[in-house]
Amino acid sequence: MIWPIILLIATPFLIGVSGLVVRNRQTLDVLHCVQAGIMVVSSILLIDEVSVSGPVSFFYFLHADAISAWFDLVIGIVAGTGTLYAVGYVGEQYDRGHVSLKRFRQFFLLFDLYLGVMLLAVNVENLGIMWIAIEGATLSAALLIGFERSKGALEAGWKFVILSSVGIALALFGTILVYYTSEQLLGITEEALHWATLYEVGDQLDPSAMKIAFICILVGYGTKAGLVPMHTWLPDAHGEAPTPVSAMLSANMLTMAIYAILRFKILTDQSVGTEFTGTLLLGFGFFSVGLSAIVLLLQEDFKRLLAFSSIEHIGIALIGFGLGGLGVFGGLWHLLNHALAKSAAFYGAGLVLITHEHKFIARVPGLLRKHPAAGVALFVAGLVLAGMPPFGLFVSEITIAVNAMATAPMIAYGFLGVLTVAFATLLFQILRMVLGVPMETHGSTVGVRCRAFSTAAIAVNLGALIFLGLHVPDGLHNLIGAILPFFHAEGEYF
(Lines give C-alpha, C1' and ligand atoms only; values in the text may rest on other atoms or scores of the structure.)
Protein backbone atom coordinates (compact mmCIF):
# COMPACT_ATOMS: atom_id res chain seq x y z
CA MET A 1 0.00 0.00 0.00
CA ILE A 2 1.82 3.09 -1.25
CA TRP A 3 -0.88 5.73 -1.10
CA PRO A 4 -0.15 6.89 2.50
CA ILE A 5 3.35 8.07 1.56
CA ILE A 6 2.05 9.75 -1.61
CA LEU A 7 -0.73 11.54 0.26
CA LEU A 8 1.57 12.55 3.10
CA ILE A 9 4.03 14.31 0.81
CA ALA A 10 1.78 15.48 -2.03
CA THR A 11 -0.99 17.02 0.09
CA PRO A 12 0.89 20.08 1.44
CA PHE A 13 2.30 20.82 -2.02
CA LEU A 14 -1.12 20.58 -3.68
CA ILE A 15 -2.94 22.58 -1.02
CA GLY A 16 -0.17 25.18 -1.00
CA VAL A 17 -0.29 25.69 -4.76
CA SER A 18 -4.10 25.83 -4.65
CA GLY A 19 -3.70 29.05 -2.65
CA LEU A 20 -2.53 30.70 -5.86
CA VAL A 21 -5.95 30.05 -7.35
CA VAL A 22 -8.35 30.10 -4.39
CA ARG A 23 -9.07 33.64 -3.23
CA ASN A 24 -11.71 32.91 -0.62
CA ARG A 25 -10.46 32.81 2.97
CA GLN A 26 -13.12 30.33 4.17
CA THR A 27 -12.26 27.93 1.33
CA LEU A 28 -8.58 28.10 2.25
CA ASP A 29 -9.48 27.32 5.87
CA VAL A 30 -11.44 24.25 4.82
CA LEU A 31 -8.64 23.04 2.53
CA HIS A 32 -6.11 23.33 5.33
CA CYS A 33 -8.34 21.51 7.78
CA VAL A 34 -8.52 18.69 5.23
CA GLN A 35 -4.74 18.86 4.86
CA ALA A 36 -4.26 18.58 8.62
CA GLY A 37 -6.42 15.47 8.78
CA ILE A 38 -4.74 13.82 5.81
CA MET A 39 -1.25 14.41 7.21
CA VAL A 40 -2.07 12.95 10.61
CA VAL A 41 -3.95 9.94 9.25
CA SER A 42 -1.49 9.14 6.44
CA SER A 43 1.52 9.31 8.78
CA ILE A 44 -0.15 6.84 11.16
CA LEU A 45 -1.14 4.53 8.29
CA LEU A 46 2.40 4.66 6.93
CA ILE A 47 3.72 3.59 10.33
CA ASP A 48 1.36 0.60 10.31
CA GLU A 49 2.31 -0.35 6.76
CA VAL A 50 6.07 -0.20 7.32
CA SER A 51 5.94 -1.94 10.70
CA VAL A 52 3.89 -4.84 9.26
CA SER A 53 5.03 -5.17 5.64
CA GLY A 54 8.44 -3.49 5.53
CA PRO A 55 9.69 -0.53 3.47
CA VAL A 56 7.37 1.29 1.09
CA SER A 57 8.64 2.63 -2.26
CA PHE A 58 7.19 4.72 -5.06
CA PHE A 59 9.21 4.18 -8.24
CA TYR A 60 12.87 5.01 -7.57
CA PHE A 61 12.18 8.36 -5.98
CA LEU A 62 10.32 7.90 -2.68
CA HIS A 63 11.32 5.27 -0.18
CA ALA A 64 10.20 4.92 3.43
CA ASP A 65 11.99 2.35 5.57
CA ALA A 66 11.59 2.09 9.35
CA ILE A 67 13.75 5.17 10.02
CA SER A 68 11.87 7.30 7.50
CA ALA A 69 8.51 6.12 8.84
CA TRP A 70 9.47 7.15 12.38
CA PHE A 71 10.37 10.65 11.27
CA ASP A 72 7.24 10.77 9.11
CA LEU A 73 5.24 10.21 12.27
CA VAL A 74 7.07 12.95 14.17
CA ILE A 75 6.84 15.51 11.37
CA GLY A 76 3.43 14.45 10.04
CA ILE A 77 1.45 14.65 13.28
CA VAL A 78 3.00 17.94 14.35
CA ALA A 79 2.60 19.37 10.85
CA GLY A 80 -1.08 18.44 11.00
CA THR A 81 -1.75 20.15 14.31
CA GLY A 82 0.51 23.03 13.27
CA THR A 83 -1.62 23.56 10.18
CA LEU A 84 -4.76 23.69 12.32
CA TYR A 85 -3.10 26.16 14.67
CA ALA A 86 -1.89 28.31 11.77
CA VAL A 87 -5.44 28.55 10.39
CA GLY A 88 -6.58 30.03 13.69
CA TYR A 89 -3.50 32.15 14.42
CA VAL A 90 -3.00 33.74 11.00
CA GLY A 91 -6.77 33.99 10.60
CA GLU A 92 -6.86 36.08 13.77
CA GLN A 93 -4.22 38.39 12.32
CA TYR A 94 -6.34 38.68 9.19
CA ASP A 95 -9.49 39.44 11.20
CA ARG A 96 -7.63 42.20 13.04
CA GLY A 97 -6.44 43.73 9.79
CA HIS A 98 -2.77 42.98 10.44
CA VAL A 99 -2.44 40.95 7.23
CA SER A 100 -4.23 41.32 3.92
CA LEU A 101 -5.84 38.47 2.04
CA LYS A 102 -2.85 38.48 -0.31
CA ARG A 103 -0.42 38.12 2.59
CA PHE A 104 -2.69 35.47 4.15
CA ARG A 105 -2.45 33.40 0.96
CA GLN A 106 1.31 33.99 0.72
CA PHE A 107 1.82 32.74 4.25
CA PHE A 108 0.06 29.45 3.64
CA LEU A 109 1.80 28.95 0.30
CA LEU A 110 5.18 29.22 2.05
CA PHE A 111 4.01 27.28 5.10
CA ASP A 112 2.68 24.36 3.05
CA LEU A 113 5.78 24.21 0.85
CA TYR A 114 7.89 24.25 4.01
CA LEU A 115 6.04 21.24 5.42
CA GLY A 116 6.13 19.45 2.08
CA VAL A 117 9.89 19.71 1.54
CA MET A 118 10.62 18.56 5.10
CA LEU A 119 8.54 15.44 4.53
CA LEU A 120 10.21 14.95 1.16
CA ALA A 121 13.65 15.14 2.79
CA VAL A 122 12.98 12.15 5.06
CA ASN A 123 11.43 10.01 2.31
CA VAL A 124 13.86 10.18 -0.61
CA GLU A 125 16.26 7.37 -1.39
CA ASN A 126 18.83 9.67 -3.00
CA LEU A 127 21.01 11.55 -0.50
CA GLY A 128 21.64 14.32 -3.04
CA ILE A 129 17.92 14.98 -3.42
CA MET A 130 17.66 14.94 0.38
CA TRP A 131 20.19 17.78 0.46
CA ILE A 132 18.15 19.71 -2.12
CA ALA A 133 14.95 19.21 -0.09
CA ILE A 134 16.65 20.42 3.09
CA GLU A 135 17.91 23.47 1.20
CA GLY A 136 14.32 24.06 0.04
CA ALA A 137 13.20 23.94 3.67
CA THR A 138 15.90 26.49 4.49
CA LEU A 139 14.72 28.96 1.86
CA SER A 140 11.04 28.68 2.71
CA ALA A 141 11.81 28.91 6.44
CA ALA A 142 13.84 32.08 5.90
CA LEU A 143 10.90 33.77 4.18
CA LEU A 144 8.54 32.63 6.94
CA ILE A 145 10.84 33.87 9.72
CA GLY A 146 10.85 37.34 8.20
CA PHE A 147 7.18 37.22 7.26
CA GLU A 148 6.08 39.98 9.64
CA ARG A 149 8.70 42.33 8.14
CA SER A 150 9.62 43.95 11.44
CA LYS A 151 13.24 44.93 12.03
CA GLY A 152 13.76 42.01 14.42
CA ALA A 153 12.11 39.52 12.07
CA LEU A 154 14.18 40.60 9.08
CA GLU A 155 17.40 40.45 11.11
CA ALA A 156 16.50 36.99 12.39
CA GLY A 157 15.67 35.80 8.88
CA TRP A 158 18.93 37.19 7.52
CA LYS A 159 20.98 35.57 10.31
CA PHE A 160 19.23 32.27 9.61
CA VAL A 161 20.06 32.51 5.90
CA ILE A 162 23.73 33.32 6.50
CA LEU A 163 24.39 30.60 9.07
CA SER A 164 22.25 27.99 7.34
CA SER A 165 23.99 28.69 4.02
CA VAL A 166 27.37 27.99 5.61
CA GLY A 167 25.97 24.85 7.21
CA ILE A 168 24.29 23.58 4.08
CA ALA A 169 27.51 24.18 2.11
CA LEU A 170 29.45 22.02 4.57
CA ALA A 171 26.75 19.37 4.33
CA LEU A 172 27.06 19.44 0.53
CA PHE A 173 30.82 18.96 0.80
CA GLY A 174 30.26 15.98 3.09
CA THR A 175 27.73 14.53 0.64
CA ILE A 176 30.18 14.93 -2.24
CA LEU A 177 32.87 13.12 -0.24
CA VAL A 178 30.50 10.22 0.40
CA TYR A 179 29.73 10.03 -3.31
CA TYR A 180 33.46 10.20 -4.11
CA THR A 181 34.27 7.18 -1.97
CA SER A 182 31.19 5.20 -3.02
CA GLU A 183 31.89 5.90 -6.69
CA GLN A 184 35.24 4.12 -6.28
CA LEU A 185 33.29 0.94 -5.52
CA LEU A 186 30.08 1.31 -7.53
CA GLY A 187 31.20 3.39 -10.49
CA ILE A 188 29.60 6.55 -11.84
CA THR A 189 26.00 5.61 -11.25
CA GLU A 190 22.95 6.94 -9.46
CA GLU A 191 23.11 3.91 -7.19
CA ALA A 192 26.18 5.44 -5.54
CA LEU A 193 23.84 8.01 -3.96
CA HIS A 194 21.13 5.60 -2.77
CA TRP A 195 20.94 4.86 0.93
CA ALA A 196 20.09 1.17 0.52
CA THR A 197 23.01 0.58 -1.85
CA LEU A 198 25.41 2.56 0.32
CA TYR A 199 24.45 0.54 3.39
CA GLU A 200 25.27 -2.66 1.48
CA VAL A 201 28.84 -1.51 0.78
CA GLY A 202 29.33 0.70 3.86
CA ASP A 203 32.07 -1.48 5.34
CA GLN A 204 34.14 -1.06 2.16
CA LEU A 205 34.09 2.75 2.05
CA ASP A 206 37.31 4.67 2.61
CA PRO A 207 37.50 5.30 6.40
CA SER A 208 39.51 8.54 6.12
CA ALA A 209 37.10 10.05 3.60
CA MET A 210 34.11 8.98 5.69
CA LYS A 211 35.53 10.59 8.84
CA ILE A 212 35.99 13.92 7.08
CA ALA A 213 32.57 13.58 5.45
CA PHE A 214 30.84 12.90 8.76
CA ILE A 215 32.48 15.89 10.44
CA CYS A 216 31.24 18.12 7.62
CA ILE A 217 27.78 16.57 7.80
CA LEU A 218 27.58 16.92 11.58
CA VAL A 219 28.61 20.57 11.56
CA GLY A 220 26.58 21.35 8.45
CA TYR A 221 23.28 19.75 9.37
CA GLY A 222 24.04 20.39 13.05
CA THR A 223 23.79 24.10 12.26
CA LYS A 224 20.22 23.50 11.13
CA ALA A 225 19.59 21.31 14.19
CA GLY A 226 20.62 24.16 16.48
CA LEU A 227 23.58 22.37 18.07
CA VAL A 228 25.87 24.52 20.18
CA PRO A 229 27.98 26.41 19.09
CA MET A 230 26.16 26.65 15.71
CA HIS A 231 22.92 27.60 17.44
CA THR A 232 23.04 31.39 17.40
CA TRP A 233 20.35 31.78 14.72
CA LEU A 234 17.83 29.67 16.60
CA PRO A 235 16.68 31.89 19.53
CA ASP A 236 16.27 34.90 17.24
CA ALA A 237 14.39 32.93 14.58
CA HIS A 238 12.05 31.25 17.07
CA GLY A 239 11.47 34.51 18.88
CA GLU A 240 10.68 36.64 15.82
CA ALA A 241 8.89 34.22 13.49
CA PRO A 242 5.09 33.93 13.52
CA THR A 243 4.27 31.44 16.27
CA PRO A 244 3.08 28.61 13.95
CA VAL A 245 6.44 28.87 12.21
CA SER A 246 8.29 28.87 15.54
CA ALA A 247 6.50 25.64 16.44
CA MET A 248 7.41 23.98 13.14
CA LEU A 249 11.03 25.16 13.36
CA SER A 250 11.43 23.67 16.81
CA ALA A 251 9.45 20.47 16.38
CA ASN A 252 10.10 19.62 12.73
CA MET A 253 13.10 21.38 11.21
CA LEU A 254 15.45 20.43 14.04
CA THR A 255 14.14 16.86 13.85
CA MET A 256 14.66 16.75 10.07
CA ALA A 257 18.29 17.81 10.52
CA ILE A 258 18.84 15.06 13.11
CA TYR A 259 17.40 12.57 10.60
CA ALA A 260 20.07 13.55 8.07
CA ILE A 261 22.84 13.25 10.68
CA LEU A 262 21.63 9.80 11.73
CA ARG A 263 21.53 8.53 8.16
CA PHE A 264 25.19 9.46 7.70
CA LYS A 265 26.09 8.14 11.17
CA ILE A 266 24.78 4.69 10.24
CA LEU A 267 26.88 4.72 7.07
CA THR A 268 30.00 6.07 8.79
CA ASP A 269 29.73 3.51 11.59
CA GLN A 270 29.96 0.70 9.01
CA SER A 271 33.24 2.12 7.77
CA VAL A 272 35.03 3.36 10.91
CA GLY A 273 33.10 1.90 13.86
CA THR A 274 30.78 3.56 16.34
CA GLU A 275 33.36 5.15 18.65
CA PHE A 276 34.26 7.97 16.24
CA THR A 277 30.70 9.16 15.58
CA GLY A 278 29.58 8.43 19.13
CA THR A 279 32.27 10.64 20.64
CA LEU A 280 31.36 13.54 18.35
CA LEU A 281 27.64 13.23 19.09
CA LEU A 282 28.26 13.05 22.83
CA GLY A 283 30.45 16.14 22.70
CA PHE A 284 27.97 18.27 20.79
CA GLY A 285 25.10 16.85 22.84
CA PHE A 286 26.61 17.70 26.21
CA PHE A 287 27.70 21.13 25.04
CA SER A 288 24.16 21.87 23.84
CA VAL A 289 22.43 20.61 26.98
CA GLY A 290 24.88 22.26 29.36
CA LEU A 291 24.74 25.72 27.81
CA SER A 292 20.99 25.81 27.30
CA ALA A 293 20.28 24.54 30.82
CA ILE A 294 22.05 27.57 32.25
CA VAL A 295 20.77 30.12 29.73
CA LEU A 296 17.15 29.06 30.35
CA LEU A 297 17.28 30.83 33.70
CA LEU A 298 18.28 34.12 32.09
CA GLN A 299 15.43 34.36 29.60
CA GLU A 300 12.70 36.98 29.91
CA ASP A 301 11.09 36.30 26.51
CA PHE A 302 8.89 33.20 26.59
CA LYS A 303 9.44 32.33 22.91
CA ARG A 304 13.21 32.52 23.32
CA LEU A 305 12.82 30.41 26.46
CA LEU A 306 11.19 27.66 24.41
CA ALA A 307 13.89 28.05 21.75
CA PHE A 308 16.69 27.34 24.23
CA SER A 309 14.65 24.43 25.58
CA SER A 310 14.69 22.99 22.04
CA ILE A 311 18.49 23.21 21.96
CA GLU A 312 18.57 21.33 25.25
CA HIS A 313 16.30 18.52 24.10
CA ILE A 314 18.00 18.06 20.74
CA GLY A 315 21.23 17.73 22.74
CA ILE A 316 19.65 15.08 24.97
CA ALA A 317 18.56 13.05 21.94
CA LEU A 318 22.06 13.37 20.47
CA ILE A 319 23.57 12.00 23.69
CA GLY A 320 21.30 8.96 23.40
CA PHE A 321 22.36 8.35 19.80
CA GLY A 322 26.00 8.90 20.73
CA LEU A 323 25.82 6.25 23.47
CA GLY A 324 24.29 3.70 21.13
CA GLY A 325 22.56 0.55 22.35
CA LEU A 326 19.25 1.33 24.01
CA GLY A 327 20.28 4.98 23.94
CA VAL A 328 19.09 4.88 20.32
CA PHE A 329 15.60 4.02 21.53
CA GLY A 330 15.88 6.86 24.07
CA GLY A 331 16.87 9.29 21.33
CA LEU A 332 14.03 8.26 19.01
CA TRP A 333 11.43 8.37 21.78
CA HIS A 334 12.79 11.72 22.89
CA LEU A 335 12.44 13.28 19.45
CA LEU A 336 8.80 12.21 19.13
CA ASN A 337 7.70 13.40 22.55
CA HIS A 338 9.73 16.60 22.35
CA ALA A 339 8.10 17.53 19.03
CA LEU A 340 4.61 17.06 20.48
CA ALA A 341 5.38 18.89 23.72
CA LYS A 342 7.32 21.79 22.22
CA SER A 343 4.75 22.51 19.53
CA ALA A 344 1.98 22.46 22.17
CA ALA A 345 4.01 24.89 24.28
CA PHE A 346 4.40 27.22 21.31
CA TYR A 347 0.67 26.98 20.58
CA GLY A 348 -0.01 28.18 24.12
CA ALA A 349 2.67 30.87 23.89
CA GLY A 350 1.13 32.14 20.65
CA LEU A 351 -2.24 32.61 22.34
CA VAL A 352 -0.54 34.63 25.07
CA LEU A 353 1.26 36.73 22.48
CA ILE A 354 -1.80 37.65 20.43
CA THR A 355 -3.71 38.46 23.62
CA HIS A 356 -1.09 40.59 25.40
CA GLU A 357 0.98 41.58 22.35
CA HIS A 358 4.30 41.13 24.15
CA LYS A 359 6.59 38.24 25.14
CA PHE A 360 7.72 39.13 28.66
CA ILE A 361 7.57 36.22 31.11
CA ALA A 362 7.35 38.44 34.20
CA ARG A 363 4.23 40.23 32.92
CA VAL A 364 2.02 37.20 32.28
CA PRO A 365 1.61 35.27 35.56
CA GLY A 366 -1.63 33.46 36.31
CA LEU A 367 -2.24 32.05 32.83
CA LEU A 368 -4.16 29.09 34.22
CA ARG A 369 -6.70 31.54 35.62
CA LYS A 370 -6.87 34.12 32.87
CA HIS A 371 -6.19 32.03 29.74
CA PRO A 372 -7.03 28.39 30.53
CA ALA A 373 -6.19 26.97 27.09
CA ALA A 374 -2.79 28.68 26.95
CA GLY A 375 -2.15 28.00 30.62
CA VAL A 376 -2.92 24.29 30.35
CA ALA A 377 -0.79 23.97 27.19
CA LEU A 378 2.21 25.64 28.79
CA PHE A 379 1.77 23.87 32.14
CA VAL A 380 1.41 20.33 30.78
CA ALA A 381 4.00 20.84 28.05
CA GLY A 382 6.33 22.37 30.65
CA LEU A 383 5.99 19.30 32.88
CA VAL A 384 6.70 17.06 29.90
CA LEU A 385 9.72 19.10 28.81
CA ALA A 386 11.07 19.12 32.35
CA GLY A 387 11.04 15.30 32.23
CA MET A 388 8.30 14.61 34.75
CA PRO A 389 6.65 11.16 34.88
CA PRO A 390 4.60 9.56 33.48
CA PHE A 391 5.30 11.31 30.19
CA GLY A 392 7.48 10.01 27.37
CA LEU A 393 10.42 12.35 27.92
CA PHE A 394 10.83 10.91 31.42
CA VAL A 395 11.06 7.44 29.88
CA SER A 396 13.58 8.50 27.25
CA GLU A 397 15.79 10.38 29.70
CA ILE A 398 15.78 7.50 32.18
CA THR A 399 16.60 5.06 29.37
CA ILE A 400 19.56 7.18 28.26
CA ALA A 401 20.78 7.58 31.85
CA VAL A 402 20.51 3.84 32.61
CA ASN A 403 22.28 2.98 29.36
CA ALA A 404 25.05 5.45 30.20
CA MET A 405 25.38 4.06 33.73
CA ALA A 406 25.89 0.57 32.35
CA THR A 407 28.54 1.60 29.82
CA ALA A 408 30.17 4.83 31.05
CA PRO A 409 29.20 5.90 34.60
CA MET A 410 30.97 9.27 34.37
CA ILE A 411 28.85 10.18 31.35
CA ALA A 412 25.75 9.17 33.33
CA TYR A 413 26.71 11.43 36.24
CA GLY A 414 27.31 14.35 33.92
CA PHE A 415 24.06 13.68 32.09
CA LEU A 416 22.03 13.58 35.30
CA GLY A 417 23.77 16.75 36.49
CA VAL A 418 22.86 18.85 33.45
CA LEU A 419 19.34 17.37 33.45
CA THR A 420 18.87 18.52 37.03
CA VAL A 421 19.88 22.07 36.14
CA ALA A 422 17.63 22.08 33.07
CA PHE A 423 14.72 20.66 35.07
CA ALA A 424 14.99 23.40 37.68
CA THR A 425 15.51 26.34 35.30
CA LEU A 426 12.76 25.45 32.83
CA LEU A 427 10.18 24.54 35.46
CA PHE A 428 10.92 27.75 37.38
CA GLN A 429 10.24 29.86 34.29
CA ILE A 430 7.10 27.96 33.26
CA LEU A 431 5.60 28.10 36.76
CA ARG A 432 6.21 31.86 36.83
CA MET A 433 3.84 32.12 33.88
CA VAL A 434 1.08 29.66 34.68
CA LEU A 435 0.68 30.13 38.45
CA GLY A 436 -0.07 33.16 40.58
CA VAL A 437 -2.40 36.10 40.10
CA PRO A 438 -2.77 37.70 36.65
CA MET A 439 -0.91 40.99 36.48
CA GLU A 440 -2.38 42.55 33.33
CA THR A 441 -6.15 42.92 33.28
CA HIS A 442 -6.20 44.40 29.79
CA GLY A 443 -5.45 42.63 26.50
CA SER A 444 -6.91 41.89 23.12
CA THR A 445 -9.87 39.54 22.81
CA VAL A 446 -9.11 36.41 20.80
CA GLY A 447 -11.76 35.50 18.25
CA VAL A 448 -13.88 32.37 18.48
CA ARG A 449 -12.34 30.89 15.33
CA CYS A 450 -8.80 31.31 16.64
CA ARG A 451 -9.69 29.85 20.04
CA ALA A 452 -11.39 26.86 18.44
CA PHE A 453 -8.54 25.94 16.09
CA SER A 454 -5.86 26.60 18.72
CA THR A 455 -7.66 24.55 21.34
CA ALA A 456 -8.09 21.68 18.89
CA ALA A 457 -4.37 21.67 18.04
CA ILE A 458 -3.39 21.81 21.72
CA ALA A 459 -5.84 19.04 22.63
CA VAL A 460 -4.49 16.66 19.97
CA ASN A 461 -0.88 17.22 21.05
CA LEU A 462 -1.54 16.90 24.77
CA GLY A 463 -3.77 13.88 24.19
CA ALA A 464 -0.99 12.19 22.22
CA LEU A 465 1.54 12.99 24.95
CA ILE A 466 -0.65 11.47 27.66
CA PHE A 467 -1.43 8.42 25.52
CA LEU A 468 2.24 7.79 24.68
CA GLY A 469 3.18 8.26 28.31
CA LEU A 470 0.84 5.46 29.38
CA HIS A 471 0.88 3.10 26.40
CA VAL A 472 3.08 2.27 23.43
CA PRO A 473 1.09 1.07 20.39
CA ASP A 474 2.20 -2.19 18.81
CA GLY A 475 3.02 -0.36 15.56
CA LEU A 476 5.53 1.91 17.28
CA HIS A 477 6.96 -1.02 19.25
CA ASN A 478 7.52 -2.98 16.04
CA LEU A 479 8.91 0.04 14.22
CA ILE A 480 11.52 0.76 16.87
CA GLY A 481 12.46 -2.91 16.79
CA ALA A 482 13.08 -2.54 13.05
CA ILE A 483 15.15 0.65 13.52
CA LEU A 484 17.55 -0.59 16.22
CA PRO A 485 19.42 -3.05 13.94
CA PHE A 486 20.46 -0.11 11.72
CA PHE A 487 22.46 1.11 14.73
CA HIS A 488 23.55 -2.41 15.75
CA ALA A 489 21.47 -1.96 18.92
CA GLU A 490 19.64 -4.88 20.47
CA GLY A 491 17.70 -5.63 23.61
CA GLU A 492 14.33 -5.16 25.27
CA TYR A 493 13.34 -1.54 25.57
CA PHE A 494 9.80 -1.86 27.00
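Start your tour by selecting R149, which is exposed, with a relative accessible area of 56%. You are looking at a predicted model, so treat each stop as a feature of that prediction. R149 sits in the loop between α5 (127-145) and α6 (151-186). Check its backbone: phi is positive, about 60 degrees, even though R149 is not a glycine. That is worth a pause, because most residues other than glycine have a negative phi.

**Next stop: E357 and its neighbour helix**

Now select E357, in the loop between α13 and α14. Here too the residue is not a glycine, and phi is positive at about 60 degrees. Is E357 buried or exposed? With 53% relative accessibility, E357 counts as exposed.

Step back to T355, which belongs to helix α13. T355 is buried, with a relative accessible area of 7%. Show its side chain and look for the backbone oxygen of L351: the side chain of T355 reaches that oxygen at 2.7 Å.

**Helix α15**

Select residues 372-385 to bring up α15, a helix of 14 residues. From its first C-alpha to its last, α15 reaches 19 Å, close to the 20 Å expected at 1.5 Å a residue. Colour the buried residues of this helix, among them A374, G375, A377 and L378; further along α15, V380, A381, G382, V384 and L385 are buried as well.

What covers those buried residues? The cover includes α12 (302-323), α13 (327-356) and α14 (367-370), along with α16 (392-407), α17 (409-434) and α18 (448-470). Show these helices together with α15 to see the surroundings.

Past the end of α15, click on G387, which follows the helix and has a positive phi near 90 degrees. Then move to P389 and P390, which are joined by a cis peptide bond with omega about 5 degrees. P390 is placed in the loop between α15 and α16.

**Another cis bond**

For a second cis peptide bond, select V228 and P229, where omega is about 10 degrees. P229 lies in the loop between α8 (207-225) and α9. Both stops stand out, since most peptide bonds are trans.

**The largest pocket**

Turn on a surface view and go to the largest pocket, with a volume of about 430 Å³. To find its centre, select Y89, Q93, H98, E148 and L353, the residues nearest to it among the 22 that line the pocket. Which helix gives the largest share of this lining? That is α3, with 3 residues. At least two lining residues come from each of α3 (66-95), α4 (101-121), α9 (233-240) and α13. Coloured by type, the lining of the largest pocket divides into 9 nonpolar, 6 polar and 7 charged residues.

**The second largest pocket**

The last stop is the second largest pocket, at about 260 Å³. Of its 15 lining residues, I44, L73, I77, P473 and L476 are the closest to its centre, so select these. Helices α2 (25-53), α3, α13, α18 and α19 (474-483) each supply at least two residues of the lining. How do the lining residues of the second largest pocket divide? There are 13 nonpolar, 1 polar and 1 charged.

Before you close the viewer, show α3 and α13 once more: each supplies at least two residues to the lining of the largest pocket, and each also supplies at least two to that of the second largest pocket.

Definitions and conventions. Residues are numbered from 1 along each chain as its sequence is written. This is a predicted model: local features need pLDDT of at least 70, side-chain atom pairs count only at pLDDT 80 or more; totals for chains, interfaces and linings use all residues. Side-chain values use heavy atoms; hydrogens and water are left out. Helices (H or I, at least four residues) and strands (E, at least two) are DSSP runs, numbered from the N terminus. The expected span of a helix is 1.5 Å times one less than its number of residues. Buried means under 20% relative accessible area, exposed over 50%, partly exposed in between (1.4 Å probe, protein chains only). Contact means heavy atoms within 4.5 Å. On a 1 Å grid over the protein atoms alone, a cavity is a set of points where a 1.4 Å probe fits but cannot get out, and a pocket is an open set with protein on both sides within 12 Å along at least five of seven lines; lining residues have an atom within 4 Å of a point. Grid points are joined across faces, edges and corners, and a volume is the space filled by probe spheres set on the points. Ala, Val, Leu, Ile, Met, Phe, Trp, Tyr, Cys and Pro count as nonpolar, Asp, Glu, Lys and Arg as charged, and the others, Gly among them, as polar. A polar contact is a pair of N or O atoms within 3.5 Å; within protein, one must be able to donate a hydrogen and the other to accept it, and residues adjacent in sequence count only if both atoms are side-chain atoms.
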